[in-house]
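Dear colleague,

I am handing over the structure below for your review. Please look through it before reading the notes that come after it.

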Amino acid sequence: MSSTSYRDQIYDKYATVQAPDWCNTGVGVDGGARAALRRFADWLPADRNARILDLGCGAGHLLSALKEAGYNDVLGVDGSPECVSIARIKGLHVEHADVREFCRSVDHKFDVICLFDVIDRKSTRL
């Protein structure tokens, strides 16, 4: 029996095993991220210096689209080392951390927090 948790088994190789097509290393912004920005445009601040956090950012598609839209202060957090590496290759500011632990430890505020496709089966709270 492996000592690695089920969660770690999923996220350690997320980009190559779970979502190889979605977590590509291309530096361009994909259409899905642009569509998300259009869909949520009314909730995004006019101030392009607003602090935006993307929890569970994956390979950084939404972060890239936000940067392309002119937002300057965007941060991503993801539990997959592979996805974090891909996002960093794209020049994005991304931290490798468990989303729950990051939220417990962060000491500053954000104007917008995005949390897409993040499921925590242990708890309904961060």
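The notes below cover the nonpolar cores, one helix and one acidic residue.

This is a predicted model, in which local features need pLDDT of at least 70 and side-chain atom pairs count only at pLDDT 80 or more, while totals for chains, interfaces and linings use all residues. Residues are numbered from 1 along each chain as its sequence is written, and side-chain values use heavy atoms, with hydrogens and water left out.

The largest nonpolar core (buried Ala, Val, Leu, Ile, Met, Phe, Trp, Tyr and Cys residues joined through side-chain atoms within 4.5 Å) has 18 residues, and I52, L66 and V94 have the most contacts inside it. Helix 4 (61-68) is among the elements that give two or more residues to this core, and its 4 residues are the largest share. Helices here are DSSP runs of H or I with at least four residues, strands are runs of E with at least two, and both are numbered from the N terminus. Another core, of 8 residues, lies apart from the largest one and includes L55 and F102.

In helix 4, 6 of the 8 residues are buried (under 20% relative accessible area, with a 1.4 Å probe and protein chains only). L66 is one of these buried residues; beyond four places in sequence, L66 touches L37, L44, I52, Y71 and V74 (heavy atoms within 4.5 Å).

D78 belongs to strand 2 (residues 73-78). D78 counts as buried because its relative accessibility is 7%. Its side chain reaches the backbone nitrogen of G58 at 2.7 Å.

Kind regards

Technical notes:
Buried means under 20% relative accessible area, exposed over 50%, partly exposed in between (1.4 Å probe, protein chains only). A polar contact is a pair of N or O atoms within 3.5 Å; within protein, one must be able to donate a hydrogen and the other to accept it, and residues adjacent in sequence count only if both atoms are side-chain atoms.
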